[in-house]
Amino acid sequence: MRWRVVLPATVTGLALLAALGLGIPRKQHLTDALVVVDITRSMNVRDMQGESRLDYVRRALRDWIAARPCGSRIGLALFTERRSVTLFEPVEICADFSSVAGSLAGLDWRMAWEGDSMISKGLDYSLDRARELGVPLIFVTDGHEAPPLPYAGPAGFAGDSPGGLILGVGGDAPAPIPKFDDLGREVGFYDPEDVQHAPARIGAPPSDASERPGYHPRNNPYGESDLEGNEHLSELRQVYLQDLAEDRELGFLRLADGGAAIDRALLQYAPTHSVRVTRSLSPLIGAAGLLLLIALWLAGHRGFTRTERRFHDYRTHSHRGFLRRHIGVVGKSARSYAATGRRDSDNRGRAL
Amino acid sequence: MMAFFHPYVLFALPFALLPLGLRWLRSFDVPRLGSRPVDARSRLIDRGLPIAGFIAISSLVLGVSGPYLKGGSVPYRGQGSNLVVLIDRSSSMDDSFAGRTPDGGEESKSAAARRILQDFIAGRPDDRIGIAAFSTAPLQVLPMTTSRSAIRAAIDAQAERGLSQTDVGRGLALAMEMMRDSTTVGSRAVVMVSDGAAVIAPDVQKQLRELALEQQVNLYWLYLRTEGAKSIFDDGAPGEANTAQTRPERHLHLFLQRLGITYRAFEAEGPEAVQQAIDEIGKMETRPILTERMIPRRDLDWICYLLAAAAAGILTLARWLERPYAPVMPAPLMRRS
């Protein structure tokens with residue numbers, strides 16, 4: 001008898017609880033980032049399944065940002081020459097997603113104010129800039145240094161690294177770099193004679209210089225070296241970028257590894273800040289109430305309690321002794337007998 | 001637009017028909033109640049309980065499926081303008097108005113311009129604003145948006161030290177191109193903030209003339225004049241060199257006047273003058289504009305749960321008032337003594 005009331009009351013209580021929108025608080029780790037995109041010429045190479053690297057970057061970054069949790073902030077910058085330029089400081093990605101996506105879509109190689117692509121210098125500048133803004137750095141590049149680095153290699157990084165990632169784009173096979181005329185029309189590809197192949201003649205010469213053709217200790221200490229090369233072709237220089245990343249406490253992975261991999265790597269290489277979010281329990285509570293109500297309806301619509309079953313027995317078999325045991329029940333139900341059925345044809349009434 | 005977090009839960013909706021077939025309260029085998037008069041209260045209960053059950057189950061299903069009103073933008077009529085702010089990023093902008101590297105007390109031209117632009121934008125909540133910058137190449141910084149936080153972040157980011165040269169022509173072309181995103185209702189204005197100019201190549205001049213006719217923008221040039229630089233409004237003394245190469249600012253001014261659009265130049269030699277000029281632009285560019293306002297997502301599940309709680313409450317009440325049927329037996333004919 002009591003359960004017939006308590007269980008529906010439980011359903012009512014569950015529905016009320018669900019309406020209150022209770023939730024369990026949880027800590028969520030968020031990472032902000034200053035995303036710096038390389039827009040130099042080599043990013044026009046079409047080796048991302050026929051797509052140009054820059055097109056791929058725009059699309060992949062947009063998808064990645066769209067999948068990030070609300071509350072994380074993204075700033076956007078572009079890199080060319082030897083520095084980056086920040087388009088906007090980090091903004092919250094959910095509120096300003098359309099602006100972020102719009103600016104990302106507007107990234108173009110034509111924004112480059114110079115044609116050089118000094119990756120390591122640009123990376124160091126970007127790291128400083130990210131540290132100023134107080135966010136980790138995500139540097140998206142193919143690692144193609146143009147002109148090539150001096151023999152001594154890239155300068156070491158001296159400052160404090162804010163942490164972050166280098167994301168590599170580009171294929172593994174060298175591919176030709178599209179060339180454009182003054183008005184931005186494509187006019188073929190870069191030829192070997194269009195670019196500088198040898199490392200810049202700055203700093204110490206290589207150790208094997210004396211074996212090179214044309215070597216002269218005073219007049220030509222580097223030897224002849226600009227004779228041939230593959231600098232007019234571009235591929236993802238993964239090993240170089242990995243070295244750069246290691247020196248600067250950054251992680252390296254390919255942009256093509258996907259958003260989940262980037263998020264995992266960011267957790268590892270970049271400082272996070274955590275916010276408290278509450279995960280609503282309402283659907284769970286509501287579902288429990290719903291199941292209970294359906295079960296009650298299925299089970300309870302003609303539930304006989306023990307009393308009634310005995311009563312049933314009594315009616316069919318024996319009158320004796322029953323009333324004396326159940327006199328109280330009889331008295332009560334006689335009063336509540338009033339509200340009953342209405343259909344003439346149906347001799348089964350409904351009692352309230 | 002309404003949407004659901006878990007739309008597949010809605011497949012459970014047919015369960016709401018359960019109360020129409022099965023009774024909530026018990027039924028008993030009793031003889032012929034139909035001979036009793038039909039009373040209104042009984043009928044109310046008889047019909048009300050299945051309805052309460054229907055509401056309880058269906059609104060619980062709806063609640064669990066998580067209905068919400070999609071956020072988005074609603075059209076909104078405000079006072080403002082479609083504005084593209086074109087900012088000079090050449091390295092001379094980092095100097096003070098006196099043409100020096102700013103020391104402690106001084107403000108660089110770019111810092112003054114940024115500060116005043118921020119105030120200007122903060123005071124115009126209905127503007128749609130896009131930001132572009134130019135140096136040797138034009139940079140689209142932020143496409144037209146109504147989001148104040150994005151605009152603020154974009155202007156703040158211009159604090160980075162400047163790039164190299166000044167190519168005004170292509171910058172202007174980009175700013176006018178960005179106007180394609182503007183709303184059809186409302187005025188359209190480009191505010192160019194620069195401290196110098198350069199010769200505009202003939203093909204860019206042609207492109208600019210065409211764009212200006214096509215886009216019909218109002219153009220404002222806020223010329224941050226460095227101390228000692230010549231004014232853009234006068235030709236100088238007779239006999240002084242006055243060619244596009246020697247005085248590019250003056251000739252840019254003349255070119256912009258010939259574009260056939262509303263154009264006004266302001267010359268500012270200090271932060272106060274910049275402030276005055278910006279205020280004046282603000283006055284001229286306040287017209288009705290049809291823009292949009294963002295509305296956040298709104299959850300609706302709590303309404304469903306409240307409704308379900310009310311209906312379940314009625315059901316509970318019915319069960320609480322329910323009494324088992326126990327007919328009064330006829331008294332036995334004989335009593336045991």
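**Exercise 1. Classify Arg124(B) as buried or exposed, then place it and list its contacts.**

Solution. Arg124(B) has a relative accessible area of 8%, so it counts as buried, the cut-off for that class being under 20%. The structure is a predicted model. As for its place, Arg124(B) sits in the loop that runs between H3 and E5 of chain B. Setting aside neighbours within four places in sequence, the contacts of Arg124(B) are Gly80(B), Ser81(B), Arg148(B), Gly282(B), Glu285(B) and Thr286(B). One of these, Arg148(B), is itself a buried residue of H4(B).

**Exercise 2. Determine how many residues of helix H4 of chain B are buried, and what they pack against.**

Solution. Helix H4 of chain B spans residues 148-157. Seven of its ten residues are buried, and the helix is mostly covered. The buried residues are Arg148(B), Ala150(B), Ile151(B), Ala153(B), Ala154(B), Ile155(B) and Ala157(B). Next, the partners come from both chains: in chain A they are E4, H3 and H4. In chain B they are helix H3 (109-122), strand E5 (128-134) and strand E6 (138-145).

**Exercise 3. Describe the domain division of chain B and give the distance between the domain centres.**

Solution. Domain 1 of chain B is made of two segments, 2-69 and 297-321. Domain 2 of chain B covers 75-293. The C-alpha centres of these two domains of chain B are 64 Å apart.

**Exercise 4. Characterise the packing of helices H4 and H5 of chain A.**

Solution. Begin with the geometry. The axes of H4 (residues 119-133) and H5 (residues 238-247) of chain A come within 12 Å and cross at roughly 35 degrees. The crossing of H4(A) and H5(A) is right-handed. Then take the residues: Ile119(A), Ser120(A) and Leu123(A) on the H4(A) side meet Tyr240(A), Leu241(A) and Leu244(A) on the H5(A) side. By class, the residues of this contact are five nonpolar, one polar and no charged. In a general α-helix there are 3.6 residues a turn, so residues three or four places apart point the same way.

**Exercise 5. Count the disulfides over all chains, then state the handedness and the setting of the bond.**

Solution. The count over all chains is one disulfide. This disulfide joins Cys70(A) to Cys94(A), with an S to S distance of 1.8 Å. The torsion about the S-S bond of Cys70(A) and Cys94(A) is about -95 degrees, so the disulfide is left-handed. The pair links distant parts of the chain, 24 residues apart. Cys70(A) lies in the loop between helix H2 (53-67) and strand E3 (73-80) of chain A, while Cys94(A) lies in the loop between strand E4 (83-92) and helix H3 (97-105) of chain A. Cys94(A) is partly exposed because its relative accessibility is 35%.

**Exercise 6. Examine the backbone at Glu81(A), Glu249(A) and the bond between Ala146(A) and Pro147(A).**

Solution. Start from the general case: most residues other than glycine have a negative phi, and most peptide bonds are trans. Glu81(A) has a positive phi of about 55 degrees, and Glu249(A) has a positive phi near 55 degrees. Glu81(A) is in the loop between E3 and E4 of chain A, whereas Glu249(A) is in the loop between H5 and strand E11 (251-254) of chain A. With a relative accessible area of 12%, Glu81(A) is buried; with 57%, Glu249(A) is exposed. The peptide bond that joins Ala146(A) and Pro147(A) is cis, with omega about -5 degrees. Pro147(A) is in the loop between strand E5 (137-141) and strand E6 (164-168) of chain A.

**Exercise 7. Give the burial and surroundings of Leu293(A) and Pro221(A).**

Solution. Leu293(A), in helix H7 (residues 282-300) of chain A, has a relative accessible area of 2% and is therefore buried. Not counting residues up to four places away in sequence, Leu293(A) touches Val11(A) together with Trp24(B), Ala56(B), Ile57(B), Leu60(B) and Leu315(B). Pro221(A), at 26% relative accessibility, is partly exposed. Pro221(A) belongs to the loop between strand E9 (186-189) and strand E10 (233-234) of chain A. Beyond neighbours within four places in sequence, Pro221(A) contacts Pro205(A), Ala209(A), Tyr215(A) and His216(A).

Technical notes. Residues are numbered from 1 along each chain as its sequence is written. Chains are lettered from A and ligands numbered from 1 in the order in which they are written. This is a predicted model: local features need pLDDT of at least 70, side-chain atom pairs count only at pLDDT 80 or more; totals for chains, interfaces and linings use all residues. Side-chain values use heavy atoms; hydrogens and water are left out. Helices (H or I, at least four residues) and strands (E, at least two) are DSSP runs, numbered from the N terminus. Buried means under 20% relative accessible area, exposed over 50%, partly exposed in between (1.4 Å probe, protein chains only). Contact means heavy atoms within 4.5 Å. Domain bounds come from an automatic or database domain assignment. Axes are lines fitted to C-alpha atoms, for helices over the stretch in contact, and angles run from 0 to 180 degrees between N-to-C directions. A crossing is left-handed if the near helix is turned anticlockwise from the far one by less than a right angle, and right-handed if clockwise. Ala, Val, Leu, Ile, Met, Phe, Trp, Tyr, Cys and Pro count as nonpolar, Asp, Glu, Lys and Arg as charged, and the others, Gly among them, as polar. A disulfide is a pair of cysteine sulfur atoms within 2.5 Å.
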